[in-house]
Amino acid sequence: MKNEFCIRKYTPEDFQDWNSFVEKSVNGTFLHNRNFMEYHSDRFEDHSMIIENEKKILTVLPANKSENELQSHAGLTYGGFIVDSTMTATLMLDIFENLKKILLEMGINKFLYKAIPHIFHQHPVEQDLYAIHKNGGQLIRSDLSSVINIKYPLQPSKSKKQGIKRAQSVQLKVHESIKFTNFWIILEDRLKHAHRERPTHTLKEIEGLREKFPNNIRLFLAKKDHIIQAGVLVFDCGITAHVQYISSTSEGRQNGAIDLIISHLLQNVFYDRRWFDFGISTSDKGTNLNDGLVRSKEMFGARSVVFNHYYWKLS
């Protein structure tokens, strides 16, 4: 027997219900909270979807529309179907079948789907991957991230251990800070000169987001005599701590400042979590791996997890 439900577009009136569902879900993070998603609402035409049965939400899909294509949200690294513990494989298959009909009626005939990686799942919930495969979706992109299993960590390299000792010998100390300005200067300078890039967020944006999510957006600095030598900005996603930004001064790199911060985070701050995610080391839609960057993460004991993108042609 097919499940009966309503598939509709998100409206501002759904704001609180959406956030409440994400909060109790088994694979959503604070990035899927509308307060986070809407900081860049001017850049995307929101087309998030809600699937419900008798006004009870079964799942939500963060998404935006670009011409005749639905994208699971282009402003997020990941953003597939967010579900609670009641989601089953059969129900997800029914949702995909009906979603296709609804999207075609809306004039949408393409769907770019970014699955939520398993490291953000409280329980296994990969029904969506099977459903999109069964309906003809194709894997078109894999980005490679580097992750530490906090409960069963691999040993860091000899050079990382030496870096920690060097940082301790010059009396660097790690502190959590709510002041982002000086770190942002270091970050922007490093990205500009080393990679010709800029941070994804402006200083104003990240400060605004931190005001809304003070327990999730956390900055840790390595200092000596009140002078910052390195910083790591972490997005606390529950079972997973994700490194959003990491940077150091030239002196900090010589002194092993980042090595000290990472060691502090693993041993003293996020020791009770499951995963520590350094983020992706790929570019050009996943086709180019930055060997030096991924190697530096692996030297901390991190290993590979892929962030997959799927393309589903509906018509």
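A cavity here is a set of grid points where a 1.4 Å probe fits but cannot get out. That idea is needed for the opening view of this predicted model.

**View 1. The enclosed cavity and the residues around it.** Searching the whole structure turns up one cavity of 30 Å³ or more. The largest cavity has a volume of about 30 Å³. Its lining is made up of N27, F81, V83, M92, V125, Q127 and D128. Sort those lining residues by type and you get four nonpolar, two polar and one charged.

**View 2. An open sheet of 11 strands.** Reading across the sheet, the order is β2-β5-β6-β8-β17-β9-β14-β13-β12-β11-β10, and the pairing is mixed. Which strands stand at the edges? They are β2 (45-46) and β10 (173-177); each has a single partner strand, so one side of each is left without a neighbour in the sheet. Helix α10 (residues 291-298) packs on this sheet and touches β9 (138-149), β14 (275-280) and β17 (303-313). The direction of α10 makes about 170° with that of β14.

**View 3. Strand β17 with its partners β8 and β9.** Here we zoom in on β17. Strand β8 (residues 110-114) pairs with β17 in the antiparallel sense, over five bridges. Look for K110, whose bridge partner in β17 is K313. Strand β9 also pairs with β17 in the antiparallel sense, this time over nine bridges. In that pair, D143 stands opposite F307 of β17.

**View 4. The β11 and β12 pair.** Strand β11 covers residues 217-224 and strand β12 covers residues 227-237. How many bridges join them? There are eight, and the pairing is antiparallel. A handy landmark is L221, which stands opposite G231 in β12.

**View 5. Helix α5 crossing helix α9.** The axes of α5 (residues 158-169) and α9 (residues 257-269) come within 7 Å and cross at roughly 100°. That crossing makes α5 roughly perpendicular to α9, because angles of 65 to 115 degrees count as such. From α5, the residues in the contact are S159, K160, G163, I164, A167 and Q168; they meet D259, L260 and S263 in α9. By type, the residues of this contact divide into three nonpolar, four polar and two charged.

**View 6. An open sheet of four strands, with helix α1 lying across strands β3, β4 and β7.** The strand order is β1-β3-β4-β7, with antiparallel pairing. At the edges stand β1 (6-9) and β7 (82-83), each with a single partner strand, so one side of each is left without a neighbour in the sheet. Strand β4 (residues 56-61) and β7 pair over two bridges in the antiparallel sense. Within that pair, V60 stands opposite I82 in β7. Helix α1 (residues 15-24) lies across β3 (49-53), β4 and β7, and runs at about 85° to β4.

Conventions. Residues numbered from 1 in each chain as written. Predicted model: local features only at pLDDT ≥ 70, side-chain atom pairs only at ≥ 80, totals over all residues. Heavy atoms only, no water. 1 Å grid on protein atoms, 1.4 Å probe; cavity = no way out; pocket = protein on both sides within 12 Å on 5 of 7 lines; lining within 4 Å. Points joined across faces, edges and corners; volume = space filled by probe spheres on them. Nonpolar A, V, L, I, M, F, W, Y, C, P; charged D, E, K, R; others polar. Pairing = 2+ DSSP bridges. Contact = heavy atoms within 4.5 Å. Axes fitted to C-alpha atoms, helices over the stretch in contact; angles between N-to-C directions. Parallel < 35°, antiparallel > 145°, perpendicular 65-115°, else oblique.
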